[in-house]
Amino acid sequence: LHKCQGDCDFDDDCQDGLSCYHREEDSDLGPRGCSGNPHIKDWDYCAESNNEKCIGEDSDQLVNVGVNPPCLLHKCQGDCDADDDCGDGLICYQRD
């Protein structure tokens, strides 16, 4: 899929250099750099990958950066949906 196209489930569904932006709520209109209304409320869209780290640093305290942050997360920052949302050497821990 190309930039701003959906529906994706994984980064591999998108062209090289793009990642799958997972919408968390119906009110989430989609990734930055894309315009228009989402086709279907459950659809996720391909967007440019962001390799910039979030503000802050690795910590042992949980920090909420927000839903679908536009940056790579540090240790104990969230919300992540996949390992690709995290900085080098970190994994996304999914709670049940």
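**Cysteine contacts, a pocket and a ring pair**

Setting aside residues up to four places away in sequence, Cys86 touches Leu72, Leu73, Cys80, Ile91 and Cys92. That is a handy place to start in this predicted model. Cys86 sits in the segment that follows β4 (77-78). With a relative accessible area of 10%, Cys86 falls under the 20% cut-off, so it counts as buried. Asn64 is 22 residues away from Cys86 along the chain, and the C-alpha atoms of the two are separated by 13 Å.

Cys86 also belongs to the largest nonpolar core, a set of six residues that it makes up together with Cys54, Cys71, Leu73, Cys80 and Cys92. Another core lies apart from this one; it has five residues, among them Cys14, Leu18, Cys20 and Cys46. As a general matter, nonpolar side chains in soluble globular proteins tend to be buried together. Back in the largest core, Leu73 has a list of contacts of its own: leaving out neighbours within four places in sequence, these are Cys54, Val65, Gly78, Asp79, Cys80, Asp85, Cys86, Gly87 and Leu90.

Leu90 turns up again with Asp58, which touches His74, Lys75 and Leu90 when residues up to four places away in sequence are not counted. Asp58 has its place in the loop between β2 (45-48) and β3. Its relative accessibility is 46%, which lies between the 20% and 50% limits, so Asp58 counts as partly exposed. Asp58 and Gly87 are 29 residues apart along the chain, with their C-alpha atoms separated by 9.8 Å.

Next come the pockets. The second largest one has a volume of about 540 Å³. Its lining takes in 18 residues, and those nearest the centre are Leu62, Gln77, Gly78, Cys80 and Tyr93. Two elements, β3 (63-64) and β4, each give two or more residues to that lining. Sorted by class, the lining residues of this pocket are 10 nonpolar, five polar and three charged. Cys80, then, is both a member of the largest nonpolar core and one of the residues nearest the centre of the second largest pocket.

Aromatic rings round off the picture. A search of the whole structure turns up one aromatic pair. The partners are Trp43 and Tyr45, whose ring centres are 6.3 Å apart; their planes meet at 50°, so the pair is described as tilted. As for exposure, Trp43 is partly exposed at 24% relative accessibility, whereas Tyr45 is buried, with a relative accessible area of 9%.

Notes: Residues are numbered from 1 along each chain as its sequence is written. This is a predicted model: local features need pLDDT of at least 70, side-chain atom pairs count only at pLDDT 80 or more; totals for chains, interfaces and linings use all residues. Side-chain values use heavy atoms; hydrogens and water are left out. Helices (H or I, at least four residues) and strands (E, at least two) are DSSP runs, numbered from the N terminus. Buried means under 20% relative accessible area, exposed over 50%, partly exposed in between (1.4 Å probe, protein chains only). Contact means heavy atoms within 4.5 Å. On a 1 Å grid over the protein atoms alone, a cavity is a set of points where a 1.4 Å probe fits but cannot get out, and a pocket is an open set with protein on both sides within 12 Å along at least five of seven lines; lining residues have an atom within 4 Å of a point. Grid points are joined across faces, edges and corners, and a volume is the space filled by probe spheres set on the points. Ala, Val, Leu, Ile, Met, Phe, Trp, Tyr, Cys and Pro count as nonpolar, Asp, Glu, Lys and Arg as charged, and the others, Gly among them, as polar. Rings of Phe, Tyr and Trp (its six-membered ring) pair if their centres lie within 6.5 Å; planes under 30 degrees apart count as stacked, over 60 as edge-to-face and the rest as tilted. A nonpolar core is a set of buried Ala, Val, Leu, Ile, Met, Phe, Trp, Tyr and Cys residues joined through side-chain atoms within 4.5 Å.
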